[in-house]
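Please follow this chain with its sequence and its three-dimensional model side by side. The walk goes from one local feature to the next, pausing at the backbone details along the way.

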Amino acid sequence: MKHIATYIVCSILPGAVAAQTVTIKGSVKDKQGTLPGITISVDNNKYYTVTELDGSFMLVGLPMGQYSLEVSSLGYESYIKPLDLSGDTDLGTIELKEADHMLNGITVTGSLRGTEIKALNMMKSSMVLSNIVSAEGVGKLPDRNVAEAVQRLPGVVMESDQGEGRFISFRGTPSDWSSALVNGDRMPVADEESKTRAMNFDIFPSSMVDYIIVSKTLSPDMEGDAIGGSANFMTKSAPAKKTIQAALGSGYNAQAQKPVFNGALSYGNRSKDGKFGYFAGASLYKRNWATDNYQVFYGSNIDQSLSRLELRDYEGQRNTIGANAALEYKFSERAQIYAKGVYGRMTDEEYNRKTMYNWSTGWGQSIRLQNIHNIMQTDFWGAELGGELKPSSKLSANWRIASYSNHFQYGAVPFSKGDPRNGYHVIEFEKSVNFKDFLYLDENGKVTDERNAYDRLKLLNIDSPEPGYGDDYRNIQPVYENVPLINPSDTSFAFTRAYSETNETWEKDPIVAQLDLQYSAGSKLKMKFGGKMRMKEGRRNVGLELWERNKNLSASILYNNFNPGAINERGGFLAELGSPYQGQMLPFLSGKQIDNFVNNQGDTLRHIPFGTATPYFQQMVGSSYKYKETVYAAYAMAEWNVSPKLTLIPGARVEYTSPAVEADSIMTVDPALGTVALTPVRSGKNYWSVLPMLNAKYTLTDKQNLRLAITRTFRRPNFNEIKPGAAAINYSNNDLVYGNPDLKPTYSWNYDLAYERYMSASSMFSIAGFYKQVKDHIYTAFESSSADNNGVSNEFQIPGGVIAKKFQNAPEAFAAGIEASLMSKMRFLPGIWKNLGLNINYSYTYSQMRIDARDQVQALPRQSPNVLNVALFYENPHITTRVGLNYRDPYLYELNLYAVKDPASDKMLILHQDNDYDVYVGRSLTLDFSFAYTFKEKFSVFTELNNLTNTPYTMYRGQKERPLKTEYYAMRGLVGLRYNF
């Protein structure tokens, strides 16, 4: 650290003593608005700068004399002006003219504020390695939220939910390593299942975004918890002139066989004197959706026996509302103020019908039917107030104060709005059966008959020791005989229970404050200092409201008495696999029957509110916790133009994190009666993160850059990962996970080298290599004991034999790779073919981590080796059409580190040293299409098609022939009309 500080000081001093005499300032625009990322050079690049997002620029410390000023940019004619500098000079507004050979290429989509040319200029002039996509680029493919839009960039991986983009990660690294920002701030997170710091961007419409800036390397003025990279979603601000945008579309979801609707409207303008500007926009995306799904559960960590097969039919409706507004006022050239607000709301109503075949003796041999209805509601909002002050030509200050909130809760199912019993509501019926498809083994593991069996297993054919036994993974068929309920002819399903999994999760950052100071010490040196403070607080309350049959007032409640109806298989359940379960998706209750079931049964049901008397209370209570966190950060950096070709950005950032998490531990009061009590426990360890950084940019030619970066970044533990007390559980999946209050943050030294070549205003090539040396990577491991973190016993057995898990630090890990990108419009082709274009990017990542539990090194969980994006497009003044392909490799999701006690040594030994029991996410290949035709300059009709390949989402155990989850979403499409003015 001492050597780094000495280096920074020595780097800054030479520029600090440079002569300072004259200042030049101004702004750059075109006919459509301001131009960021434009290079302003004086005296053949001896002095130069780059325009800001608002198009403004300032050059400080030029000696008096005669010069030639040049404004150069991709896609525009160069602007050259002779200067005779005898004092400070204000050049006013410089308007660039579009290069003649580019006119057809840049007027395709009308007067959108963000253009691809601006994005390329910003990338070219950026001081860090970055990829930038503009509002225009987002609009050219059928991406309805920002996660789907950013997945088109090099090295970006998108994780989806029900076929829609949700989380993002970079360079094949885990999503927890990446940082997603809105206007420079990390967002609070509230989600039904995810407990990470990764923002769920399915609530954030892409229509709200002006630019998406993906930074592969960081500078000290950026938040440092981003090992993989950082995506900054810049919301729209006040335009340079009057702007009206509108879109209206309708479509169809092939899986749901129901319609889709989308609408958006925005308006912005500026006062005649240019001082006051405003913008407001809103969008609505209403879509029906459906999923065919089958899931397989394995009953042991010792063998590959199946415990349960679930056939799941989903259908529902999602409504996403997005809105953002912006105001700004310029008092003078030295002072301006702005305000911004964003809002997103997603309501997801879901019907889920499960047929569950239970082979496991822990559950009992049975077939269970679950009738499920729930409404999930997520609300996000943010507001910020900021401004810029320029006390002198050398000093500027930017300040901002913001507040954000994110809230998740279930809607009014099955009771009225506001009832605390509302949640993920399930009505369950079951009947006993005897399965006839077991493989019987003796004590030596040899096949035998049922009478002499030591063990009985339900296996897939790939795991069977007996030739001819076992099902193919795409067609797992349960074989059984009914067990009479009361008399031999009575094989009806009987009611077992109804329950609501309740969940209210919110997280807010009530205060986020930031101050940045920039001082121009001379024409070759800028220094920047700043600080940031964020206060965070959150709470996750999870429970289980239970209704059981009142045995004193009611005989068995039989399923057939409700006249359940056959489900709509929409052309065949799992038709992609040949509809292997036709007729086995049994009849289900209607939506009204599910919602009214508890009330209609009256006193025949006994309500057990969530508390110590609730079955599974010991497991559920650990899912609730609350937390606070305060973060303070400070940084110092310099931008030193060592020569006309070389620019160095040395500096450092320091962040102090103070977390506090409170949860409950369970104390057994009376072991004989099984009564328990709760004891609150708290944890939280403060830590400093010192992050030195160096970015270097060498301009080989006017259109070629060479970049080098050495940075240190980190990843904060998630709050559930450091939570004390009882285990958290996802009741639907029987997942038990303990927190680890002793968990350490993950740190990484990052080394990046990149080459960029900009061939024209619409064509570029880049290739980059990276290496990340990681310490204390956080992963999830299976545990042999369910004792909690305070030594308090929480011993219990979940039916099906699920073993507890716990978060751990891996002492050593690394990730390395390459990424390449090509964007080209084929102007060299003859005739109409010159309007063809190709965007292609590819990344390869290789990773290893060493953990104590295994002898061999392992790949990092949630790291995808190969990621490929290809877009083939055609553009002329009237037609814009694109075909987009996205591919990613399978990746390791979770390690199985199940341990058993060695009777000889009394030590715990990890049972599996290979990956055959680990969890993987399968490969993904999606194909999307869009077409737009522009007429009368301002109007266009468009068509969008998603998931043309109908690629399933898959998870498996060890190999793809051992499935855990398979989901099909089919294709969805939209046609509509746009207006841009």
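In this predicted model, strand E48 is joined to strand E49 (residues 963-968) by four bridges, and the two strands run antiparallel. Within this pairing, Tyr 956 stands opposite Pro 963 of E49. The two strands form a hairpin with five residues between them, and in that turn Gly 958 has a positive phi of about 80 degrees. E48 also pairs with strand E45 (residues 919-921), again in the antiparallel sense, through three bridges, and here Val 919 has Arg 957 in E48 as its bridge partner.

How many of the residues of strand E48 are buried? Strand E48 (residues 953-957) is mostly covered, with five of its five residues buried. Tyr 953, Met 955 and Arg 957 point one way from the strand, whereas Thr 954 and Tyr 956 point the other way, and all of them are buried.

The next stop is a helix. Helix H6 spans residues 591-601, and its buried residues are Ile 594, Asp 595, Phe 597, Val 598 and Gln 601. When the helix is seen down its axis, these buried residues fall within an arc of 165 degrees, and therefore they line one face of H6. On the other side of the helix, Lys 592 and Asn 600 are exposed. The buried residues of H6 pack against five strands, namely E20 (366-389), E22 (424-435), E26 (494-522), E27 (525-549) and E28 (605-608). Just after the helix, Gly 602 takes a positive phi of about 55 degrees.

The loop between E27 and H6 deserves a look of its own. Arg 570 is found in this loop, and Arg 570 has a positive phi of about 50 degrees although it is not a glycine. Is Arg 570 buried or exposed? Its relative accessibility is 9%, and because buried means under 20%, Arg 570 counts as buried. Ser 579 has its place in the loop between E27 and H6 as well, and its phi is near 50 degrees, a positive value in a residue other than glycine. With a relative accessible area of 16%, Ser 579 is likewise buried. Another backbone detail lies in the loop between strand E21 (395-410) and E22, where Pro 414 is found; a cis peptide bond joins Val 413 and Pro 414, with omega at about 5 degrees.

Toward lower residue numbers, two open sheets can be traced. One of them has four strands in the order E3-E2-E5-E6, with antiparallel pairing. Its edge strands are E3 (47-50) and E6 (79-85), each of which pairs on one side only, and neighbouring strands of this sheet are turned by 20 degrees against each other on average, direction ignored. Within the sheet, strand E2 (residues 39-42) pairs with E3 in the antiparallel sense over four bridges, and the bridge partner of Thr 39 in E3 is Val 50.

The other sheet is formed by three strands in the order E4-E1-E7, and its pairing is mixed. The edge strands here are E4 (56-62) and E7 (89-95), each pairing on one side only, while neighbouring strands are turned by 15 degrees against each other on average, direction ignored. Strand E1 (residues 22-29) is joined to E7 by five bridges, and these two strands run parallel; in this pairing, Lys 29 stands opposite Glu 95 of E7.

How values were computed: Residues numbered from 1 in each chain as written. Predicted model: local features only at pLDDT ≥ 70, side-chain atom pairs only at ≥ 80, totals over all residues. Heavy atoms only, no water. Buried < 20%, exposed > 50% of the residue type's maximum accessible area, 1.4 Å probe, protein only. Arc of directions from axis to C-beta. Contact = heavy atoms within 4.5 Å. Pairing = 2+ DSSP bridges. Axes fitted to C-alpha atoms, helices over the stretch in contact; angles between N-to-C directions.
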